[in-house]
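Me: I have a model open and want to learn how to read it. Can we start with one residue and work outward?

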Amino acid sequence: RIAAAAPVEVGVEATLQPPAGVGCAFDAPPPCLATERIITAPMLEVTKTATTSGLAPGGSVGYDILVRNVGVDASAVRIADPLPVGMESATWTCSSGYVSCPNTSGVGAIDEVLASLPMNASIAYHIDATVAASPPVEITNTVTVTTGDNAVCLDAVGASGAQPCVASVTGASLPLVERTKEAVAASGAT
């Protein structure tokens, strides 16, 4: 039995000393050792990527968000992605082969709540955003995920931390280059 305040992962190890002349699996020498990892909490991986790192004034950029639960079932999963300063507008779509999207599409910021995100399930969002005509030098777009459980957040190298789970992408504004053409009369022309 696992206590209510158990750590996120519990390791169980069993050792067996086989009779003389009997070996262990994979030709390992005795004693035989077996280890099992038991996950006791939701464990969320949150990633965000952009289609480009250079943001042209008035241009467009796409963002992809993936939220995946590799732990036990998570409840009341809130996915919030506000429209950052420097973005004029956005439309988005949601997809998942595991759970129903609260809304399959929307305009502006994302602020969705899933009743649950089961173990090994994921949900994805794609955002098409329009860069403002005069954006700041850098635009950071951040998604934040929280749950009603004691979920932990896993980063790209598998390290864990407390909620909220956050993933960000920063893009640089490209200079606006204007071309002008000027007619100059050739010398000697009348």
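Reply: Start with E112, which is buried (under 20% relative accessible area; exposed is over 50%, partly exposed in between, 1.4 Å probe, protein chains only). E112 has no salt bridge (a side-chain nitrogen of Lys or Arg within 4 Å of a carboxyl oxygen of Asp or Glu). The nearest side chain of opposite charge, R78, is 9.7 Å away; Lys and Arg count as positive, Asp and Glu as negative, and His and the chain ends are not counted.

Me: What kind of model is this, and how is it numbered?
Reply: It is a predicted model: local features need pLDDT of at least 70, side-chain atom pairs count only at pLDDT 80 or more, and totals for chains, interfaces and linings use all residues. Residues are numbered from 1 along each chain as its sequence is written, and side-chain values use heavy atoms, leaving out hydrogens and water.

Me: Which side chain makes a polar contact of 2.9 Å with E112?
Reply: A polar contact is a pair of N or O atoms within 3.5 Å; within protein, one must be able to donate a hydrogen and the other to accept it, and residues adjacent in sequence count only if both atoms are side-chain atoms. Here the partner is N103.

Me: Where is E112 found?
Reply: Strands are DSSP runs of E, at least two residues, numbered from the N terminus. E112 lies in strand 9 (residues 110-117).

Me: Which strands stand at the edges of the open sheet?
Reply: Two strands pair if DSSP finds at least two bridges between them. The open sheet has 7 strands in the order 8-7-10-5-3-12-13, with mixed pairing. Strand 8 (105-107) and strand 13 (160-161) are at the edges, each with a single partner strand, so one side of each has no neighbour in the sheet.

Terms used
Helix = DSSP H or I, 4+ residues; strand = E, 2+ residues; numbered from the N terminus.
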